[in-house]
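Look at the sequence and the structure below. The paragraphs that follow take up the surroundings of the ligand and then the sheet.

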Amino acid sequence: MLTLDRVTSGYDAVIVLRDLSLSVSGGEVLCLMGRNGAGKTTILRTIMGLVRPRSGQIRLDGRRLDTQPAHGIARAGIGYVPQGRRLFGDLSVAQNLTIGLMARDRPQRTRETVLQLFPRLRERLNQPARTLSGGEQQMLAIGRALCMEPKVLLLDEPSEGLQPSMIALIRDTIDALRRTGVATILVEQRVDTALAVADRIGFVAGGRIAECHPASDLGPDSEAFHRHVGV
Ligand SMILES: Nc1ncnc2c1ncn2[C@@H]1O[C@H](COP(=O)(O)OP(=O)(O)OP(=O)(O)O)[C@@H](O)[C@H]1O
């Protein structure tokens, strides 16, 4: 389980997160929603150690993460797929995956697990990453992060800019992740996608999780969406 306990963080003089607490367990999808600038990306960057908490603690299965360097946090089992994917466009699908596999003891087995999850990537192993569709690129970015065998995966708006059929593909991918037992924190702007894939939806406002509800308690017309997302 990943827990943030009263974490405060921000940039230089600007405090973005104030005493923010949250937790996510293996096999669970926690979706973070909120207005532009609410701090959703900052939560992910703070977990990764790219923004340092000024106070509070972050733990993975009881072990402190916030005292470790960023590479130690990734190695401890946190995978991060930032907005915009950051693939190596001229390298093939296979080569992009190999980069993710470099630190693994049994790379062949890990690669096979990832390709079983994403048969579309297996069909396109020799294709340059830049020639994949947007949804396939997102899949490759997620697949590359999974090559690190993370316990927790942080996904920042994976469906942004994708057409509906590709969004459906990303939803299926997140469902598949749940079955592998990975804990997922998903930043998402779309209400329908959040309702379809999340176990819980946390609304970020005022530097905190202002409200958190089981997705099954919410519907597209729920007040919480009006309050925090403005739909
Ligand atoms: N590198 C930075 N330096 C200074 N301020 C920053 C930096 N990155 C983000 N911020 C500020 O921190 C606040 C939170 O930004 P963040 O990107 O976490 O929000 P968000 O909820 O992910 O927004 P969006 O939905 O627009 O992606 C914003 O006011 C933003 O301007």
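Which elements each supply at least two residues of the shell around the ligand? They are β2, residues 14-24, and α1, residues 40-47. Keep in mind that this is a predicted model. Of the elements that contribute to the shell, α1 gives the most, with 3 residues. The full set around the ligand consists of Tyr-11, Val-14, Val-16, Gly-34, Asn-36, Gly-37, Ala-38, Gly-39, Lys-40, Thr-41 and Thr-42. Sorted by character, the shell holds 4 nonpolar residues, 6 polar ones and 1 charged one.

Now turn to the sheet. It is open and has 6 strands, and reading across it gives the order β6-β7-β8-β3-β9-β10, with mixed pairing. The strands at the edges are β6 (78-81) and β10 (208-214); each has a single partner strand, so one side of each has no neighbour in the sheet. From one strand to the next, the twist averages 20°.

One pairing can be followed in detail at the β10 edge. Strand β9, residues 200-205, runs antiparallel to β10, and 6 bridges join the two. To find one of these positions in the model, start at Val-204: its bridge partner in β10 is Ile-209.

A helix also belongs in this picture. Helix α6, residues 134-146, packs on the sheet, where it touches β6 and β7 (152-156). The direction of α6 makes about 160° with that of β6, the strand that stands at the other edge from β10.

Notes. Residues are numbered from 1 along each chain as its sequence is written. This is a predicted model: local features need pLDDT of at least 70, side-chain atom pairs count only at pLDDT 80 or more; totals for chains, interfaces and linings use all residues. A residue is near a molecule or strand if its C-beta atom, placed from the backbone, lies within 6 Å of it. Helices (H or I, at least four residues) and strands (E, at least two) are DSSP runs, numbered from the N terminus. Ala, Val, Leu, Ile, Met, Phe, Trp, Tyr, Cys and Pro count as nonpolar, Asp, Glu, Lys and Arg as charged, and the others, Gly among them, as polar. Two strands pair if DSSP finds at least two bridges between them. Axes are lines fitted to C-alpha atoms, for helices over the stretch in contact, and angles run from 0 to 180 degrees between N-to-C directions. Two residues are in contact if their C-beta atoms, placed from the backbone, lie within 7 Å.
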